[in-house]
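Work through the exercises below with the sequence and the model open. Each task is followed by a solution in steps.

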Amino acid sequence: MSYYLLALLYTYNCCASCDICTYYCAPKREEKMELEEAMRYVREGRELGMQMLGVAGGEPLLYLDEILELSSYAHALGMNITLTSNGYWGSSFDRAYAILDQLRNVGVKHIKISSDEFHGRYIPYENIANVLNAAKELQVKIVLGCTSLKNSSRLKGLLEHIQDAATGVILMEQTCYPIGRAREMFKKEDFIRENRTLTSCRDSGMLIVTPEGNVYPCGSMCSNVPGRLTGSLAEQSMATLIERAEQDRHNRFIRKHGVQPYYDYIKAHNIPIPLEENLVDTCHACYELFRDERWLPELDKVVERLESAYGAARG
C-alpha cells in the first residue's frame, strides 16, 4: 500500500457557514495548523514518496501568506500542489488575478473552487466569475465544484449566475453527504442516494491530516471518523503512522474489496451493528460503518473472518 497525496485540512476557519459543510466550518472556528508543523508534514510526506500536496479547509486562503510559503516549500521539494477554496477573494478581477498569479508563481497549478447555492449565500457569484476569468488569462487550471441535493438548484442554478465565465472550465457536480452540519440541516430524503458501493476504495492512496494533526488513511471526507483514525502527528512521525495505516487490517481489506463485504457479512450473520440501508455511495457506506467506536470490536472480528474467507477463495 502506498500513499501518493498528502491532504492538509489547514483550518476549520471559514468566511462561510454552509449548511452542507462536513466539518462545521465557520468564521468563529479558530483551529488551524501552525505553518512550521504543516511544513514538517510536507517534508516527511515527501521523504516517504508522496508526490502531491492538497490544501483545503475551511478556507485556507484566509491565511494567504502562510499558504504561499507552504506551497513554495512543497514546490521546491518537487511536489504537485492542488488547492480548494470558496473564491471569496475574487471581489474584483484585479484582486483575483493578483492572488492567482501569486499562487501560480509558487507552484499551485490546479485549484478547485466550491460554488453552489449554499456557498452563494456567503460568497457573491461575481467573485466566482472574477476568479474564473482571471484563471483563464493566467492559464491556471480550475475545477468548479457544485455540491448538490435532490431539490437544490444544482449546476443549472450555478451556471445561471456565472454564465459566460463558465466556458472552458471543468464543471463537477458532487453529491452532498449526510454528515457534519448537513446531517443536521437536511432530511434523509433530501440527499441523492445511489445505493451502490464499489468493490474497492477510490481514495485509499490519499492521507488526510486535520488542523490538530490527526491522520486518517483515506482522502474522502467520510473517513474522518473515530473508527478510521490512524493516530496523531503531534505524537508520532509520518513514517510511523503510514506504517500503522498500511498494517491496519481494515485499510488493507477495504482498499482491495471495498466495504460491501462487511455489509453482506453483517446482514448474513445478524451481527448487532446498525446498518444504513439508503446509501449515497461507497464513501458514505464506509462512514456509516465506522462512525461509532463502540462497533470496532465487532468490526475487527468481521474483517478477520472476511480475510479468512477471501484467502480461502483465492487458495
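In these exercises Ala, Val, Leu, Ile, Met, Phe, Trp, Tyr, Cys and Pro count as nonpolar, Asp, Glu, Lys and Arg as charged, and the others, Gly among them, as polar. The model is predicted.

**Exercise 1. Describe the largest cavity and its lining.**

Step 1. Count the cavities: there are 2 of 30 Å³ or more.

Step 2. Take the volume of the largest cavity, which is about 120 Å³. It is lined by 14 residues, and the closest to its centre are Cys201, Cys218, Thr282, Cys283 and Cys286.

Step 3. Sort the lining of the largest cavity by type: 8 residues are nonpolar, 4 polar and 2 charged.

Step 4. Find the element that gives the most to this lining: helix 10 (residues 282-290), with 3 residues.

**Exercise 2. Do the same for the second largest cavity.**

Step 1. The second largest cavity holds about 50 Å³ of space. Its lining has 10 residues, with Ser204, Pro217, Arg228, Asn251 and Arg255 the closest to the centre.

Step 2. By type, the lining of the second largest cavity has 6 nonpolar, 2 polar and 2 charged residues.

**Exercise 3. Locate the largest nonpolar core and examine Leu70 in it.**

Step 1. The largest nonpolar core contains 58 residues. Those with the most contacts inside this core are Leu6, Leu8, Tyr10, Leu53, Leu70, Leu100 and Ile111. Helix 4 (residues 125-138) gives the most to this core, with 8 residues.

Step 2. List the contacts of Leu70, leaving aside neighbours within four places in sequence: Leu8, Tyr10, Leu35, Ala38, Met39, Val42, Leu53 and Val55.

Step 3. Look for another core: one of 30 residues lies apart from the largest, and Val225, Tyr262, Ile266 and Ile271 are among its members.

**Exercise 4. Which strands pair with strand 7, and in which sense?**

Step 1. Strand 1 (residues 5-9) pairs with strand 7 in the parallel sense, over 4 bridges. Leu8 has Val209 of strand 7 as its bridge partner.

Step 2. Strand 8 (residues 214-216) pairs with strand 7 in the antiparallel sense, over 2 bridges. Here Ile208 stands opposite Tyr216 of strand 8.

Step 3. Follow the chain between strands 7 and 8: the two form a hairpin with 4 residues between them. Gly213, in the turn, has a positive phi of about 95°.

**Exercise 5. Are the residues on the two faces of strand 7 buried or exposed?**

Step 1. Buried means under 20% relative accessible area.

Step 2. On one side of strand 7 (residues 206-209), Met206 and Ile208 are buried.

Step 3. On the other side, Leu207 and Val209 are buried, and both faces of strand 7 are covered.

Note on methods
Residues are numbered from 1 along each chain as its sequence is written. This is a predicted model: local features need pLDDT of at least 70, side-chain atom pairs count only at pLDDT 80 or more; totals for chains, interfaces and linings use all residues. Side-chain values use heavy atoms; hydrogens and water are left out. On a 1 Å grid over the protein atoms alone, a cavity is a set of points where a 1.4 Å probe fits but cannot get out, and a pocket is an open set with protein on both sides within 12 Å along at least five of seven lines; lining residues have an atom within 4 Å of a point. Grid points are joined across faces, edges and corners, and a volume is the space filled by probe spheres set on the points. A nonpolar core is a set of buried Ala, Val, Leu, Ile, Met, Phe, Trp, Tyr and Cys residues joined through side-chain atoms within 4.5 Å. Buried means under 20% relative accessible area, exposed over 50%, partly exposed in between (1.4 Å probe, protein chains only). Contact means heavy atoms within 4.5 Å. Two strands pair if DSSP finds at least two bridges between them.
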